[in-house]
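Subject: Structure handover

Hello,

Here is the structure you are taking over. Please open it first, then read my notes beside it.

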Amino acid sequence: MAHSDNLYVHPLESSHSCLSEDLICRICHGGQSIDELLTPCRCRGTIALVHLKCLETWLKESNQSNCELCRHRYKIIREPQYSIPWSILVFLRHPGLHLKEIILDFMSFSIYTPSVVTSTYTLMLIFEALMKKNIITTGGLHSHIIAFSAVFGVAAIDFIYSSWLIMTMKKHVEAWREWYNAHSKIKVVLPKIKIKPHRKTTQR
């Protein structure tokens, strides 16, 4: 058993009954003839065997950075296909299944924003008129209720709109981040010492 970078790499025991031709990658189920079989995580036995290219493809498609079995976190280098500004433009042009949500949220934004601005401006004019006429301090209960309603209305409308806008932006940013990671090349950095399985040696 070799130790490197806090990763224990377990080779198959020499007494294992399987020949190297019987060993397969747990992702593509191909053998040693396709590519070198490695044990890049803490899994043991035949389930630990993977081709490096298969592992990198799986990590890219699943948007994961951990082994799905032993939860070992791989050291990954991501090489983005696009720069961040350009990736946003490409994502908006080809959002895939996210297109419907973008259209609906854009329509909602086009309706909500003018409504919020108009409502806020109207309530502020009402409160300002009450202030100029000194009705708030000298008026009765009815005037105080109107003034309070105007201030509360402005705060409530702005809070609800801001909360909706933040949540909507967060949702789209997360969708873009998933798209951005999916369109990035992934390279798994292996430990300095990597041990590949070897075929059983027979005694003559």
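Buried means under 20% relative accessible area. At 0% relative accessibility, Ser-87 therefore counts as buried. Keep that cut-off in mind, as it comes back below. Also keep in mind that this is a predicted model.

**Overall layout**

The chain has 204 residues, and buried residues make up 30% of them. Its secondary structure comes to five helices and six strands. In sequence order, the pattern is β-β-β-β-α-β-α-α-α-α-β. Now look at the contacts with a separation of 6 or more. Residues 24 or more positions apart account for 65% of these. The chain exposes about 14,100 Å². Carbon and sulfur atoms supply 62% of that area.

**How far to trust it**

The average pLDDT of the chain is 79. A score of at least 70 is reached by 78% of the residues. Where is confidence lowest, and where is it highest? It is lowest in strand β1 (residues 2-4), with a mean of 40. It is highest in strand β4 (residues 50-51), at 90. Over residues 1-19, pLDDT stays under 50. The model has 40 contacts for that stretch beyond four places in sequence. Residues 198-204 also have a pLDDT below 50. Beyond near neighbours in sequence, that stretch has six contacts in the model. Read both stretches with care.

**Helix α2 and Ser-87**

Start with helix α2, residues 84-93. Which of its residues are buried? They are Ser-87, Val-90 and Phe-91. Seen down the axis of α2, the buried residues fall within an arc of 100°, so they line one face of the helix. The face turned away from that buried side carries the exposed residues Pro-85 and Arg-93.

What does Ser-87 touch, leaving aside its neighbours within four places in sequence? It is in contact with Tyr-82, Trp-176, Trp-179 and Tyr-180. Take Trp-176 as one case. Ser-87 and Trp-176 are 89 residues apart in sequence. In space they are 8.5 Å apart, C-alpha to C-alpha.

**Aromatic pairs**

How many aromatic pairs are there? The count comes to five. One of them joins Tyr-82 and Trp-179. Their ring centres are 5.8 Å apart and their planes are at 15°, so the pair is stacked. Tyr-82 lies in the loop between β5 (75-80) and α2, while Trp-179 lies in helix α5 (residues 141-182). The pair therefore ties together parts that are 97 residues apart in sequence.

Are these two buried or partly exposed? Tyr-82 counts as partly exposed, at 24% relative accessibility. Trp-179 counts as buried, at 12%. Phe-91 joins the picture here too: Tyr-82, Phe-91 and Trp-179 form one aromatic cluster.

Next come Tyr-161 and Trp-164. The centres of their rings are 6.2 Å apart and the planes are at 35°, so this pair is tilted. Both residues lie in helix α5, three residues apart, about one turn of the helix. An α-helix has 3.6 residues a turn, so residues three or four places apart point the same way. Tyr-161 is buried, with a relative accessible area of 15%. Trp-164 counts as partly exposed, at 24% relative accessibility.

**Thr-120 in helix α3**

Find Thr-120 in helix α3 (residues 99-132). At 11% relative accessibility, Thr-120 counts as buried. Not counting residues up to four places away in sequence, Thr-120 touches Val-154, Ile-157 and Asp-158.

**Cysteines**

How many disulfides does the structure hold? Zero. Cys-28 is in no disulfide, and the nearest cysteine sulfur, that of Cys-54, is 3.6 Å away. A disulfide needs two cysteine sulfur atoms within 2.5 Å, so that distance does not qualify. Cys-28 is partly exposed, with a relative accessible area of 35%.

Cys-41 is in no disulfide either. The nearest cysteine sulfur to Cys-41 is that of Cys-43, 3.6 Å away. Cys-41 is buried, with a relative accessible area of 0%.

**Where to look first**

Begin with Ser-87 in helix α2. Then go to the aromatic cluster of Tyr-82, Phe-91 and Trp-179. Finish with Cys-28 and Cys-54.

Best wishes

Notes. Residues are numbered from 1 along each chain as its sequence is written. This is a predicted model: local features need pLDDT of at least 70, side-chain atom pairs count only at pLDDT 80 or more; totals for chains, interfaces and linings use all residues. Side-chain values use heavy atoms; hydrogens and water are left out. Buried means under 20% relative accessible area, exposed over 50%, partly exposed in between (1.4 Å probe, protein chains only). Helices (H or I, at least four residues) and strands (E, at least two) are DSSP runs, numbered from the N terminus. The arc is that of the directions from the helix axis to the C-beta atoms. pLDDT is the predictor's confidence in each residue, from 0 to 100. Contact means heavy atoms within 4.5 Å. Accessible areas come from the Shrake-Rupley method with a 1.4 Å probe; for residues, only the protein chains shown count as cover. Rings of Phe, Tyr and Trp (its six-membered ring) pair if their centres lie within 6.5 Å; planes under 30 degrees apart count as stacked, over 60 as edge-to-face and the rest as tilted.
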